[in-house]
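Biologist: I am new to this structure and would like a close look at one part of it. Could you start with the cysteines, and then take me into the sheet and what packs around it?

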Amino acid sequence: MKLTGSYKIPTDKQSVWEALNNPEILEKCIPGCEEFKKNSDTSFTATATNKIGPFNASFTGDVELQDLNPPHSYKLVGQGNSPVGFASGEAKVTLTEDAGHTVLTYDVEANVGGKIAQVGSRLIDMTAKKMADIFFGKFSETISPQSQTSQSTTKTSVEKKVFNKKLIYAFATLVSVGLILLAFF
């Protein structure tokens, strides 16, 4: 299975690069993500539950970053397992700047097997595209300067409320193209 795509993210390339390597941001953005753990500077493990066709399964995947060229590109190599199937593959992620925005382009080659492969490549492709759209929508929203300004304003008003009412609020920013796809496929 081959998947390609690109997304325009309204922030600079360095910020996108840093966010793509931040497990908290990725955990928040990956659909159905239950855990996203950084094992080393180049190795991650993710667990997520999603519905693919008639299957609702929890996937656990390991992803390794290779061919790092910060903040321009890297390759993700990964494999994932679930009671309904398995997947392995790699994704090439490239970042380019375009008028103050970053264009993230990904090319994924994945192999899917087990029961999940029986739903057909068309359904798997549609599900992967939908999950990528959800991921990049959340990712862009999370790291865009407008979002950070609004989060800062929200944080200031929350701090005032906490101070005035003496209540404790937990405020955390949890949160990556081939990464999401490899985590699930």
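Modeller: Gladly! Let's begin with Cys 33: its sulfur is 9.7 Å from the closest cysteine sulfur, that of Cys 29, so the two are too far apart for a bond. A disulfide would need the two sulfur atoms to lie within 2.5 Å. Please keep in mind as we go that this is a predicted model. Searching the whole structure gives 0 disulfides. Cys 29, accordingly, takes part in none, and the nearest cysteine sulfur to its own is the one in Cys 33, 9.7 Å off. Are these two cysteines buried or exposed? Cys 29 is buried, because its relative accessibility is 0%. Cys 33 counts as buried too, because its relative accessibility is 17%, and the cut-off for buried is under 20%.

Now let's step back for the setting. The protein has 5 helices and 7 strands. Read from the N terminus, the elements come as β-α-α-β-β-β-β-β-β-α-α-α. Of the 185 residues in the protein, 43% are buried.

Next comes the sheet. Its 7 strands make an open sheet with antiparallel pairing, and if you walk across it you meet them in the order β1-β7-β6-β5-β4-β3-β2. The two edges are β1 (2-9) and β2 (33-40), each of which pairs on one side only. From one strand to the next, the twist averages 25 degrees.

Let's zoom in on β5 (residues 73-82), which runs antiparallel to β4 (residues 55-69) and is joined to it by 8 bridges. The link between β4 and β5 is a hairpin through 3 residues. On to the next neighbour: β5 pairs with β6 over 10 bridges, again in the antiparallel sense, and a hairpin of 2 residues connects β5 to β6. To place a few residues on this ladder, Asp 62 faces Gln 79 of β5, while Gln 66 has Lys 75 of β5 as its bridge partner. Towards β6, Leu 76 stands opposite Ala 91. Why is β5 described as largely enclosed by the rest of the structure? Because 7 of its 10 residues are buried.

Gln 66 deserves a longer look. This residue is found in strand β4, and because its relative accessibility is 25%, it counts as partly exposed. Leaving aside residues up to four places away in sequence, Gln 66 touches Tyr 74, Lys 75 and Val 77. Gln 66 and Lys 92 are 26 residues apart in sequence, yet their C-alpha atoms are 9.4 Å apart in space.

On the other side of β4 in the strand order comes β3, and Thr 45 is a good residue to visit there, since it lies in strand β3 (residues 43-52). Thr 45 is buried, because its relative accessible area is 15%. Which side chains make polar contacts with the side chain of Thr 45? One belongs to Asn 39, at 2.8 Å. The other belongs to Asp 62, also at 2.8 Å, and you have already met Asp 62 opposite Gln 79. Beyond four places in sequence, the residues that Thr 45 touches are Glu 35, Phe 36, Lys 37, Asn 39, Thr 60, Gly 61 and Asp 62.

Now look at the helices against the sheet. Helix α1 (residues 13-20) lies across β1, β4, β5, β6 (85-98) and β7 (101-113), and its direction is at about 160 degrees to that of β6. Helix α3 packs on the sheet as well, touching β1, β3 and β7, with a direction about 20 degrees from that of β1.

That leads us to the nonpolar cores. The largest has 32 residues, and Val 16, Leu 20, Leu 104 and Phe 139 have the most contacts inside it. Helix α3 (residues 121-143) gives the most to this core, contributing 6 residues. There is also a second, separate core of 8 residues, with Ile 52, Phe 55, Val 84 and Ile 116 among them.

If you want one route to retrace on screen, start at Thr 45 in β3, cross to Asp 62 through the 2.8 Å side-chain contact, and continue to Gln 79 in β5, which Asp 62 stands opposite.

Technical notes:
Residues are numbered from 1 along each chain as its sequence is written. This is a predicted model: local features need pLDDT of at least 70, side-chain atom pairs count only at pLDDT 80 or more; totals for chains, interfaces and linings use all residues. Side-chain values use heavy atoms; hydrogens and water are left out. A nonpolar core is a set of buried Ala, Val, Leu, Ile, Met, Phe, Trp, Tyr and Cys residues joined through side-chain atoms within 4.5 Å. Buried means under 20% relative accessible area, exposed over 50%, partly exposed in between (1.4 Å probe, protein chains only). Helices (H or I, at least four residues) and strands (E, at least two) are DSSP runs, numbered from the N terminus. A polar contact is a pair of N or O atoms within 3.5 Å; within protein, one must be able to donate a hydrogen and the other to accept it, and residues adjacent in sequence count only if both atoms are side-chain atoms. Contact means heavy atoms within 4.5 Å. Two strands pair if DSSP finds at least two bridges between them. Axes are lines fitted to C-alpha atoms, for helices over the stretch in contact, and angles run from 0 to 180 degrees between N-to-C directions.
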